[in-house]
Amino acid sequence: MSQREEQRARTRRLIIEAAAREFARHGYAGTTFASIAAVLGKPKSAIPYDQFPSKHAIAAAVLDAHFDRLRAALDEVRATEAPGLDALLTALVAGARLDATSPIAHGAIRLLLEHHEEMAPARAADAVAFVRANVAAAVANGDVRTDVDGSVLTRRLLVGALGAHAAALYRLSRTPIEDTLCSSWAIVLRDVGVPATRVDEIIARATAAAPARR
């Protein structure tokens, strides 16, 4: 990569991070090119039109950056964990740790909450498929009762995760997001027949095995 290309990539990354901060604070409607540029200490003309021709394009770039990082975290779990509840909870904890320290994640979560139908489906497909596959594996290996509807359990886990992220984003709870999620998942897993001792084992293993915050 040439020096010019490196500078272009760095500028793009800084714009995406600044935009994510603004989307997290003010939502899509309250964010403007001028406010994003102000975070960078620059005029709005500093945002290159060829890369970001519209606010929607900037929002899409924030979501793409978020899901690229999430996909990398899922790939790391796929490479080290057998399918099932252990892999699923390890990935969910890894995602929580990623989101807790990432300004890009904060902006992406708010965009997803505000414009889910428009912005989420294609980008979230890999994450949804990962959860669905591991839920199916958990049923197949006996961790979850066979009469449990896998699609319903998948939705419960995903909606619960998004709700916990929303509570953290809007400062509705002072409990660390990882603790909130683990408490929520413990309830859901016991509801589908996972013994309490196994739930404790899965959560302890997941919190130990998940990649650290970075």
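Q: Before anything else, what counts as a helix here, and from where are helices numbered?
A: A helix is a DSSP run of H or I with at least four residues, and the helices are numbered from the N terminus. With that settled, Arg198 and Glu201 can be placed in helix H10, which covers residues 196-209, and there they sit three residues apart, about one turn of the helix.

Q: Is this structure predicted or not, I mean, what kind of model is it?
A: It is a predicted model, so each residue carries a confidence value, called pLDDT, on a scale from 0 to 100. The chain has a mean pLDDT of 89, and 96% of its residues reach 70 or more.

Q: Where is the confidence lowest, and where is it highest?
A: Helix H6, made of residues 116-119, has the lowest confidence in the chain with a mean of 70, while H2 has the highest at 96.

Q: Okay, back to Arg198, what does it do with Glu201?
A: The two form a salt bridge, and their closest N and O atoms are 3.1 Å apart. In general, side chains of opposite charge can pair when their charged atoms come close.

Q: Are those two residues buried or exposed?
A: Arg198 counts as buried because its relative accessibility is 15%, and the cut-off for buried is under 20%. Glu201, in contrast, is partly exposed, since its relative accessibility is 46%.

Q: Which residues are linked with them in a network?
A: The network of salt bridges links Asp86, Asp143, Arg198 and Glu201.

Q: How many salt bridges does the structure hold?
A: The structure holds 13 salt bridges. One of them joins Arg8 to Asp50, with the closest N and O atoms 3.1 Å apart. This pair links distant parts of the chain, because Arg8 belongs to helix H1 (residues 3-26) and Asp50 to the loop between helix H2 (33-40) and helix H3 (55-80), which places them 42 residues apart.

Q: And how accessible are Arg8 and Asp50?
A: Arg8 is partly exposed, at 44% relative accessibility, whereas Asp50 is exposed because its relative accessible area is 55%, and exposed begins over 50%.

Q: What about Arg71 and Asp68, where do they lie?
A: Both lie in helix H3, three residues apart, which is about one turn of the helix. Their side chains meet in a salt bridge of 3.0 Å, taken from N to O. Arg71 is partly exposed with a relative accessible area of 31%, and Asp68 is also partly exposed, at 46%.

Q: Changing topic, how many cavities of 30 Å³ or more are there?
A: A search of the whole structure finds two. The second largest cavity holds about 30 Å³ of space, and Arg71 turns up again here, in a lining made of Phe67, Leu70, Arg71, Leu74, Arg123, Asp126 and Ala127.

Q: Which helix gives the most to that second largest cavity, and what classes of residue line it?
A: H3 gives the most, with four residues; H3 and helix H7 (125-140) each supply at least two. By class, the lining has four nonpolar residues, no polar ones and three charged ones.

Q: And the pockets, how much space lies in the largest pocket, and what lines it?
A: The largest pocket holds about 750 Å³ of space and is lined by 31 residues, of which Phe67, Ala124, Ala127, Val128 and Leu158 lie nearest its centre. H8 provides the largest share of this lining, eight residues, and by class the lining divides into 22 nonpolar, six polar and three charged residues.

Q: What is the volume of the second largest pocket, and which residues lie nearest its centre?
A: The volume is about 440 Å³, and among its 17 lining residues, Asp99, Ala100, His106, Ala168 and Leu169 lie nearest the centre. The elements that give two or more residues to this lining are H1, H4, H5 and H8, with the largest share, four residues, coming from H5. The lining of this second largest pocket has nine nonpolar, three polar and five charged residues.

Q: Last one, is H4 mostly covered or uncovered, and how far does it reach?
A: H4 is mostly covered, with 15 of its 17 residues buried. Helix H4 runs over residues 85-101 and reaches 25 Å from its first C-alpha to its last, close to the 24 Å expected at 1.5 Å a residue.

Technical notes: Residues numbered from 1 in each chain as written. Predicted model: local features only at pLDDT ≥ 70, side-chain atom pairs only at ≥ 80, totals over all residues. Heavy atoms only, no water. Salt bridge = Lys/Arg side-chain N within 4 Å of Asp/Glu carboxyl O. Buried < 20%, exposed > 50% of the residue type's maximum accessible area, 1.4 Å probe, protein only. 1 Å grid on protein atoms, 1.4 Å probe; cavity = no way out; pocket = protein on both sides within 12 Å on 5 of 7 lines; lining within 4 Å. Points joined across faces, edges and corners; volume = space filled by probe spheres on them. Nonpolar A, V, L, I, M, F, W, Y, C, P; charged D, E, K, R; others polar. pLDDT = per-residue confidence, 0-100. Expected span 1.5 Å × (residues − 1).
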